[in-house]
Amino acid sequence: MPKNKEIRLIDEEGRRVDGRRLDELRPFRIEAGVLKNADGSAYIELGNNKIIVAVYGPREAHPKHIALPNKAMLRCRYSMATFSVEERKSPSPSRREVELSKVIREALEPAIFLEEYPRTVIDVFIQVLEADGGTRTASITAASVALADAGVPMRDLVAAIAVGKIEGKLALDLNGIEDQYGEGDMPIAIMPGYNLVTLLQADGIFTVEEIEEALSMASIAIKKLYEAQREALKKKYIKIREEVLSYEQGT
Ligand code: ADP
């Protein structure tokens, strides 16, 4: 492996390894309702990341003693497929997957009216099919669409993106190489309708000014993701409506 110094992450024209500008998102695509057997589901592609999310619930908690008397329990499981990274990943949950499951749950919880469903469980299963940096934030973006698709009442969707630091400059939405060789990464999740941050992590060292700048870069990107999330949900329901109409016309 080349050492950090030997890798140029920004060229003379200010382009990154994949040709993007510093404030440019990778191409992305969000789809709602991709799985028939789950109560709600979503799929996201962000650059090379491919992630599918399934939601079940609210449903009765089993075993019953885990139920919370005053609200639903949100359970998240972030899991990477064995083939999602270059070297086969062990199928057993790694320390990182356990941690990310918790981090993602905490980023989603503020958006959900959990108090409306006491003694129940809402399960969110996140399967990373292909990983290339920024999977936790892409998972949050897809999971909130899957929750909405399941009909779980929510205050707002949550959309997320990471801002990192490469060659001393802030860069939006780091890919795998940039994440590996860059100086830092700051995943940010926001409920855009409330302008409320539900996740702010930092790996690496950032100054106060950099954090402020990163938040403003992230919030611009998050608006685009939010738009795509809403479009994905609308598209699904327009499709269902068309199916119902054509069924009614056919009978
Ligand atoms: P995030 O995916 O949210 O950026 P990390 O910063 O922990 O989370 O991971 C960065 C990237 O490192 C992942 O997106 C993935 O591409 C890569 N990665 C994570 N785990 C492994 C692994 N077990 N083997 C190879 N690459 C991995």
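Tutor: Before we start, a polar contact is a pair of N or O atoms within 3.5 Å. Keep in mind that this is a predicted model.

Student: Okay! How far is an oxygen atom of the ligand from a polar backbone atom of Gly133?

Tutor: Gly133 is one of the residues around the ligand, along with Gly134 and Arg136, among others. The cut-off for a polar contact is 3.5 Å. The backbone atom of Gly133 sits from the ligand oxygen at a distance of 2.8 Å.

Student: Which residue has a polar side-chain atom 2.9 Å from an oxygen atom of the ligand?

Tutor: Gly134 uses a backbone N or O atom, 2.8 Å from a ligand oxygen, so to speak of a side chain we look elsewhere. The residue with a polar side-chain atom 2.9 Å from a ligand oxygen is Arg136.Student: How much of the ligand's accessible area does the protein cover?

Tutor: On its own, the ligand has 530 Å² of accessible area. With the protein around it, the covered part is 70%.

Student: Now helix α1. Which elements do its buried residues pack against?

Tutor: Helix α1 covers residues 95–108. Its buried residues include Leu100, Val103, Ile104 and Ala107. An α-helix has 3.6 residues a turn, so residues three or four places apart point the same way. The buried residues of α1 pack against β4, β5, α2, β8 and β9.

Student: And the whole chain: what radius of gyration does the protein chain have, and why does that agree with a compact globule?

Tutor: The chain has 251 residues, and a compact globule with that many would have a radius of gyration near 18 Å. The chain's own value agrees with that, because it comes to 19 Å.

Note on methods: Residues numbered from 1 in each chain as written. Predicted model: local features only at pLDDT ≥ 70, side-chain atom pairs only at ≥ 80, totals over all residues. Heavy atoms only, no water. Helix = DSSP H or I, 4+ residues; strand = E, 2+ residues; numbered from the N terminus. Expected span 1.5 Å × (residues − 1). Buried < 20%, exposed > 50% of the residue type's maximum accessible area, 1.4 Å probe, protein only. Contact = heavy atoms within 4.5 Å. Near = heavy atom within 4 Å. Polar contact = N/O pair within 3.5 Å; in protein donor to acceptor, adjacent residues only side chain to side chain. Areas by Shrake-Rupley, 256 points an atom, 1.4 Å probe, with all protein chains shown as cover. Rg over C-alpha atoms; globule rule 2.2 N^0.38 Å.
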